[in-house]
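Please look through the sequence and the fold shown here before reading on. The report that follows moves from the chain as a whole to its sheet, its helices, its cores and a few unusual backbone positions.

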Amino acid sequence: MRWLTLLCLVALPLGNPRCPRERVLAGGGAGRAAPAASARNEPGPIRVEPLEGSTPPVFVLRGGPLGPEKLVFLHGKCGHGLGYAQSFQRSAAKHGTLIAPQADIPCGDGPWARWSKDVAALDRRIRDTFRALGHAEPIRDIIVMGYSQGATRAEALAREYPDVYTRLVLMGGPYAAKARGLESLRAAVAMAGERDRRDLMQASARALAAAGVPATFLLIPEATHGSMGPHPEQTMDEMLTWLSEHERH
């Protein structure tokens, strides 16, 4: 059941008949909450857990060792952050500390949620989480990644707080990003599923590159919209490696 639950969260369209009728979080049964995590990072195997006291929850990478970067992943409309974070937790750990906030407007009665337009509140949640995890001030130089609706919020964060969100990853966004306000990015990647619409993210990469930002377009192999494809660890490691190798300082 665990593998199917994770697949339903990050790889299969909502309503797919292969998914359990009662959708559950990876690592737990229907109606059973995941265990709370303490504030600072704990030793042990790589894993993703909810930060204690976070409402809506923020899922954080635990264990280690962890790389030096600060990473944020924002899920799509009526999605869930836990399964996405778990899908590439080992490659994320190689690069840094990953957090995945859950969106702030519930979709129905389940755990799924969508994002409001309150970007300032989202920024506070993100920075407060890194503080709780023991990261030193100032909280900045964050890699922000967003999928679908999450891509629009990631773009907004990078535009509103350019000193904080310095590298941007847009995945399957609903429109092509404009470069205005993003010219100071240290690097950017636009991504789309191999079986999804590609032109919008390709146009985003071209626009950012034309503005002087180190930028590229990458495919998510075999992926439909909202999916991470069959090899998310490899896909996301390649993307994060590209960012580290091409960013300007």
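## The chain as a whole

Helices, meaning runs of at least four residues that DSSP labels H or I, and strands, meaning runs of at least two residues labelled E, are numbered from the N terminus. With that naming in hand, the chain can be described as having seven helices and 10 strands. The model is a predicted one, and every value in this report should be read with that in mind.

Of the 249 residues in the chain, 54% are buried. When contacts between residues at least 6 apart in sequence are considered, 63% of them join residues that are at least 24 apart.

## The sheet

Eight strands make up an open sheet with mixed pairing, and their order across the sheet is β1-β2-β4-β3-β7-β8-β9-β10. At the edges are β1, covering residues 47-50, and β10, covering residues 215-220, each of which pairs on one side only. On average, and with direction ignored, neighbouring strands of this sheet are turned by 20° against each other. In general, the strands of a sheet pair through backbone hydrogen bonds, and they may do so in a parallel or an antiparallel way.

## Strand β3 and its neighbours

Strand β3 (residues 69-74) runs parallel to strand β7 (residues 142-147), and five bridges join the two. Along this pairing, K70 stands opposite I142 in β7, while L74 stands opposite G146 in β7. Strand β3 also pairs in the parallel sense with strand β4 (residues 96-101), here over four bridges, and in this pairing E69 stands opposite G96 in β4.

Are the residues of β3 mostly covered, or mostly open? Six of the six residues in β3 are buried, so that the strand is mostly covered, where buried means a relative accessible area under 20%. From β3, E69, L71 and F73 point one way, whereas K70, V72 and L74 point the other way, and all of these residues are buried.

## Helices across the sheet

Helix α6, which spans residues 199-210, lies across β8 (165-171), β9 (187-193) and β10, and runs at about 160° to β10. Helix α7, which spans residues 232-246, lies across β3, β7, β8, β9 and β10, and its direction is at about 155° to β9.

## Two nonpolar cores

The largest nonpolar core holds 38 residues, and within it I126 and L168 touch the most other members. The elements that contribute two or more residues to this core are β2 (58-62), β3, α4 (119-132), β7, α5 (149-160), β8, β9 and α6. Leaving aside residues up to four places away in sequence, L168 touches V144, A154, E155, A158, L182, L185, A187, A188 and V189. There is also a second, separate core of 30 residues, and among its members are A92, A93, M228 and M239.

## Aromatic rings

The structure holds four aromatic pairs. One of them is formed by Y161 and Y165, whose rings meet edge-to-face, with 6.4 Å from centre to centre and 65° between the planes. Y165 counts as buried because its relative accessibility is 0%. The ring of Y161 has a further partner, since the charged end of R127 sits over this ring at 5.7 Å from its centre. Elsewhere, ring pairs link F73, Y84, F88 and Y147 into a cluster.

## Unusual backbone positions

Most residues other than glycine have a negative phi, and most peptide bonds are trans. Where does P56 lie? P56 is in the loop between β1 and β2, and the peptide bond that joins T55 to P56 is cis, with omega of about -5°. The bond from E137 to P138 is also cis, with omega near -5°, and P138 is found in the loop between α4 and β7.

Two residues that are not glycine have a positive phi: C78, at about 55°, and E222, at about 60°. C78 lies in the loop between β3 and α2 (81-87), and C78 counts as partly exposed because its relative accessibility is 22%. E222 lies in the loop between β10 and α7, and with a relative accessible area of 41%, E222 is likewise partly exposed.

How values were computed: Residues are numbered from 1 along each chain as its sequence is written. This is a predicted model: local features need pLDDT of at least 70, side-chain atom pairs count only at pLDDT 80 or more; totals for chains, interfaces and linings use all residues. Side-chain values use heavy atoms; hydrogens and water are left out. Two strands pair if DSSP finds at least two bridges between them. Axes are lines fitted to C-alpha atoms, for helices over the stretch in contact, and angles run from 0 to 180 degrees between N-to-C directions. Contact means heavy atoms within 4.5 Å. A nonpolar core is a set of buried Ala, Val, Leu, Ile, Met, Phe, Trp, Tyr and Cys residues joined through side-chain atoms within 4.5 Å. Buried means under 20% relative accessible area, exposed over 50%, partly exposed in between (1.4 Å probe, protein chains only). Rings of Phe, Tyr and Trp (its six-membered ring) pair if their centres lie within 6.5 Å; planes under 30 degrees apart count as stacked, over 60 as edge-to-face and the rest as tilted. A charge sits over a ring if NZ of Lys or CZ of Arg is within 6 Å of the ring centre and within 35 degrees of the ring normal.
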